[in-house]
Amino acid sequence: MSTMTLAPAREDRAAARPQGRLGQSAGWKTMAKAFGAFALAMIYIPLIWLAVMSFAASPLSGIPYPLTLDNYRQLGGDARWVTPMQTSLWLSALVAFVCMVIATVVGRAITRLERPGGVILLTLLPLFVPGLTMGAALFIFLRSILELKLGIWSIFLGQLVWALPFCMLLVLVIASRFDLRLLEAAEDLGASPWRRFWDIEMPILRPGIFGAGIFGFLLSFNELPRSLFLRGIETTMPIYNWAMAASQQSQIPIIFSLTTLLVAVTLPVMGVFFWFLFVKLDKN
Amino acid sequence: MTMQSRSDSPALPQRRPFAKRLLDGLKPSRLTVPTFLLAWSFLVIAPLVVIVLFSFLQVKAYRVVYTPSLDTWISLIDSGRWMAAVRTLRIGITMTIIEFVLAFPFALWLAKGCRSKTVKAMIITLLTIPFFLDAASRIIVWRSILGQTGAVNTALMSLGITDAPIDWLLYSEFAVHFGLLGTHFPTMVFPIFMSIALIDDDYIQASQDLGGGPAQTLFNIIIPMALPGIVAGIVFTLVPLMAAFVEPQLLGGGFVDLLGNSVNSALQQLKYPTAAALSTVVVALLGICLAVLVLVTRRRYDMASMFVAIRR
């Protein structure tokens with residue numbers, strides 16, 4: 001707000017000084033926007049092209065013409081992607097649920113610590129470890145040292161290590177704006193610990209917890225490097241896509257149409273979620 | 001009921017409810033945080049320690065031999081795998097510099113130059129979404145854009161700019177850089193954006209009022225105050241780059257063998273100590289980066305300020 005009221009004054013000053021800020025700032029702002037637009041294009045051109053080429057007769061050719069629905073028809077006729085899809089769906093739901101619970105329970109405990117810095121850093125440590133390294137480390141630890149048989153459970157652990165820090169971050173962001181005096185007030189008014197949690201704390205934490213669920217699901221659903229090593233003989237959706245993309249050229253058309261469908265589902269969910277995060281939370 | 005009982009005993013000493021409150025408030029955290037940290041250490045720290053130790057072991061006839069040796073490291077150097085490490089470091093640092101040059105002005109504009117909240121929210125959303133998309137299918141598309149018969153070459157040839165397709169566009173280091181660019185941009189923007197957003201506008205205003213030019217304000221005020229974010233951005237970008245394997249595999253066409261691909265192929269060939277040693281290189285780099293991050297951030301910021309930044 002303060003910047004809004006200061007703006008006219010700033011312009012005057014800029015006009016008074018020849019090498020003032022406005023002339024300069026217009027230049028760097030254009031440059032900054034151009035750089036950002038370029039990087040965003042690098043992210044989104046492949047996505048748009050993916051959707052376009054999923055309707056092309058030969059997706060890897062580079063020419064979207066002639067348009068056809070063959071890839072989607074092929075997708076319908078092929079059953080090999082169904083099992084990985086099912087595995088991914090319920091596994092991600094499980095990861096999301098566990099993330100929500102742990103992030104809530106531990107997140108609200110962390111905010112009550114006197115010096116949470118070290119604990120938070122340790123919690124966020126997996127964010128600093130590349131997925132492939134974490135996958136290889138967990139693989140060697142579980143398979144060679146503990147000599148366990150890998151399977152869905154190890155994929156679950158690998159994805160949990162990846163998704164939980166993000167979920168924890170979300171809950172912590174919300175929990176850190178929570179005024180602990182509200183709980184004391186509730187207690188003074190005679191509320192039981194459970195009531196205090198459910199009626200006072202929960203409504204405030206709810207966006208963070210739901211966010212944790214959505215983040216957990218999506219992060220787990222698209223996780224590749226950790227699952228790749230921890231899979232045992234199981235296959236999730238990203239592993240299937242990776243196997244198709246890395247080896248069999250003939251199967252690529254299917255992943256084009258499949259990913260397009262997935263993106264079509266994911267984008268609106270993300271859009272609504274962020275709209276909630278920014279618009280709704282901003283009002284509170 | 002409760003009101004009744006409260007008013008019944010108004011003479012109770014002040015201490016008791018306080019102690020009770022303390023118990024109520026602390027009891028869960030006393031148990032939950034250590035329990036969680038213990039489980040978390042087992043899942044995260046233990047494997048990372050194990051691979052460092054494991055790189056000094058050998059596997060013979062599918063059994064782990066628990067005698068320390070340097071064989072893995074020696075064979076790693078002899079077999080020329082270290083070339084992959086050097087190449088990874090080179091591509092990693094190049095990409096980090098490119099991302100920083102692109103991201104810093106953009107983050108500065110997003111934090112201080114962009115007045116519209118809607119635009120800001122939209123850009124943050126756009127930057128976050130790629131986190132949630134499957135890497136393999138996102139990267140494979142570049143083949144149809146950069147390939148010999150891909151979109152770029154087709155366009156160039158039909159416009160008459162070139163006669164023959166440009167073949168270094170795909171299956172080259174150039175293509176790998178291209179693929180990495182989009183993937184690692186958001187991780188550079190976010191920390192820098194947050195730390196710049198934290199800087200009070202009054203500091204910038206004061207610098208101008210005291211006659212500082214834009215360059216002086218940038219180098220004396222903004223960059224020093226945003227340093228933790230800059231370091232975090234570099235760490236969050238460089239570390240995953242050290243283990244990139246999707247882009248080099250799909251776009252490098254076998255010419256760009258990075259550490260990530262080496263780890264992947266070593267594990268597939270059941271050369272676990274080799275994979276462990278290669279991962280150790282990544283972990284060592286990670287340790288150095290983290291140490292620098294902690295040293296730099298300790299001076300000015302505590303972790304709590306990070307959350308203030310996210311809220312803004």
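1. Let's start with how chain A is split up: domain 1 covers residues 2-53, and domain 2 covers residues 79-283. Please keep in mind throughout that this is a predicted model. Where the two domains of chain A touch, four residues of domain 1 are in contact with four residues of domain 2. On the domain 1 side of that meeting place there are four nonpolar residues, no polar ones and no charged ones.

2. What is chain A built from? It has 12 helices and zero strands. If you walk along the sequence, the pattern reads α-α-α-α-α-α-α-α-α-α-α-α. Of the 284 residues in chain A, 40% are buried. Look also at the contacts between residues at least 6 apart in sequence: in chain A, 74% of them join residues at least 24 apart.

3. A database record adds something to chain A. The unreviewed UniProt entry places the annotation "transmembrane region" on residues 34-57, 89-107, 119-146, 152-175, 204-221 and 254-278. Two of these spans are good ones to find on your screen. Residues 119-146 of chain A are 89% helix and 0% strand, with 27 Å between the end C-alpha atoms. Residues 204-221 of chain A are 100% helix and 0% strand, and their end C-alpha atoms are 27 Å apart.

4. Now zoom in on one residue, Ala191(A). It sits in the loop that runs between helix 8 (181-188) and helix 9 (193-221) of chain A. Is Ala191(A) buried or exposed, or partly exposed? It counts as partly exposed, because it has 17 C-beta neighbours inside 10 Å, and a buried residue would need 20 or more. Setting aside neighbours within four places in sequence, Ala191(A) is in contact with Ala186(A), Arg196(A) and Asp199(A). For a sense of distance, take Leu69(A): Ala191(A) and Leu69(A) are 122 residues apart in sequence, and their C-alpha atoms are 61 Å apart in space.

5. Chain B comes next, with 14 helices and two strands. Of its 312 residues, 41% count as buried. Among the contacts in chain B with a separation of 6 or more, 70% are between residues 24 or more positions apart.

6. Chain B is also divided into two parts, with domain 1 at 13-54 and domain 2 at 80-311. Here four residues of domain 1 are in contact with six residues of domain 2. The domain 1 side of this contact in chain B consists of four nonpolar residues, with no polar and no charged ones.

7. Helix 4 of chain B (residues 81-113) is a nice one for practising a simple check. How far should its 33 residues span? At 1.5 Å a residue, the expected span is 48 Å, and the end C-alpha atoms are 46 Å apart, so the two values agree. Follow this helix along and you will also meet a kink of about 30 degrees at Ala103(B), shortly before the proline Pro105(B).

8. Finally, how do the two chains meet? In this model, 86 residues of chain B are in contact with 88 residues of chain A. Helix 2 of chain B (residues 15-54) gives the most to the side of chain B that touches chain A, with 19 residues. Sorted by class, that side of chain B holds 57 nonpolar, 20 polar and nine charged residues.

Key. Residues are numbered from 1 along each chain as its sequence is written. Chains are lettered from A and ligands numbered from 1 in the order in which they are written. This is a predicted model: local features need pLDDT of at least 70, side-chain atom pairs count only at pLDDT 80 or more; totals for chains, interfaces and linings use all residues. Two residues are in contact if their C-beta atoms, placed from the backbone, lie within 7 Å. Helices (H or I, at least four residues) and strands (E, at least two) are DSSP runs, numbered from the N terminus. Ala, Val, Leu, Ile, Met, Phe, Trp, Tyr, Cys and Pro count as nonpolar, Asp, Glu, Lys and Arg as charged, and the others, Gly among them, as polar. A residue is buried if 20 or more other C-beta atoms lie within 10 Å of its own, exposed if 12 or fewer, and partly exposed in between; C-beta atoms are placed from the backbone. Domain bounds come from an automatic or database domain assignment. UniProt positions are given in the numbering used here, feature names are shortened, and annotations may be inferred rather than shown by experiment. The expected span of a helix is 1.5 Å times one less than its number of residues. The bend at a residue is the angle between axes fitted to the seven residues ending there and the seven starting there.
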